[in-house]
Amino acid sequence: QVQLVESGGGLVQAGGSLRLSCVASGIIFSIYNMGWYRQAPGKERELVATITSGGNTNILDSVKGRFTIFRDNAKDTVYLQMNSLKPEDTAVYYCNAHQTSWSGPFDAWGQGTQVTVSS
């Protein structure tokens with residue numbers, strides 16, 4: 001059974017930092033592309049950052065220079081380092097594992113972790 005468990009969210013003042021973690025189980029973590037998404041109240045879920053199985057990254061323009069995604073395959077964990085946080089970063093952050101194979105695309109999601117940035 002695939003399971004993604006996020007942690008590291010919380011309440012922080014603007015300008016502060018948080019590091020989100022997502023531990024995966026039930027998959028061969030190293031071959032999956034991993035991502036972080038977020039959803040603010042009343043808004044659609046948006047892609048924040050992705051990292052491929054090969055380590056290539058893609059970051060949402062509005063968080064470039066502030067957020068970094070990285071992975072530790074030995075720990076089956078993907079991280080999102082968030083610096084210089086702004087109130088508009090407030091959202092529930094979700095971890096995603098994605099792979100496309102001969103049988104089609106596969107996606108797994110975590111339960112989400114709340115990030116609240118106060119002004």
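**Figure 1. Strands β9 and β10 run side by side in opposite directions.** In this predicted model, strand β9 covers residues 91-101 and strand β10 covers residues 104-109, and the two pair in the antiparallel sense. Six bridges link β9 with β10. Follow the chain out of β9 and you will come to a hairpin, where two residues carry you across into β10. For one rung of this ladder, look for A97: its bridge partner in β10 is A108.

**Figure 2. Four strands form an open sheet.** Here you can trace the strands in the order β1-β3-β8-β7, with antiparallel pairing. Which strands stand at the edges? They are β1 and β7 (67-72). Each of these edge strands has a single partner strand, so one side of each is left without a neighbour in the sheet. Neighbouring strands in this sheet are turned by 15° against each other on average, direction ignored. As you look along any regular strand, remember that side chains alternate between the two faces of the sheet.

**Figure 3. A closer look at β3 and β8 within the open sheet.** How many bridges join strand β3 (residues 18-25) to strand β8 (residues 77-82)? There are six, and the pairing is antiparallel. To find your bearings, start at V23 and look across: T77 in β8 stands opposite.

**Figure 4. Q1 sits at the start of the chain, ahead of the strands.** Q1 belongs to the segment before β1 (3-7). Is Q1 buried or exposed? Q1 has a relative accessible area of 89%, and because anything over 50% counts as exposed, Q1 is exposed. Even so, Q1 has contacts with residues from further along the sequence: leaving out those up to four places away, Q1 touches S25 and G26. The pair Q1 and G26 is a nice example of how folding brings parts of a chain together: they are 25 residues apart along the chain, yet their C-alpha atoms are separated by 5.2 Å.

**Figure 5. T113 is a buried residue in strand β11.** T113 is found in β11, which spans residues 113-118. Why does T113 count as buried? Its relative accessibility is 11%, and the cut-off for buried is under 20%. The side chain of T113 reaches the backbone nitrogen of G9 at 3.3 Å. Setting aside neighbours within four places in sequence, you can also look for the contacts of T113 with E6, S7, G8, G9 and L20, as well as with A91, V92 and Y93.

Definitions and conventions
Residues are numbered from 1 along each chain as its sequence is written. This is a predicted model: local features need pLDDT of at least 70, side-chain atom pairs count only at pLDDT 80 or more; totals for chains, interfaces and linings use all residues. Side-chain values use heavy atoms; hydrogens and water are left out. Buried means under 20% relative accessible area, exposed over 50%, partly exposed in between (1.4 Å probe, protein chains only). Contact means heavy atoms within 4.5 Å. Two strands pair if DSSP finds at least two bridges between them. Axes are lines fitted to C-alpha atoms, for helices over the stretch in contact, and angles run from 0 to 180 degrees between N-to-C directions. A polar contact is a pair of N or O atoms within 3.5 Å; within protein, one must be able to donate a hydrogen and the other to accept it, and residues adjacent in sequence count only if both atoms are side-chain atoms.
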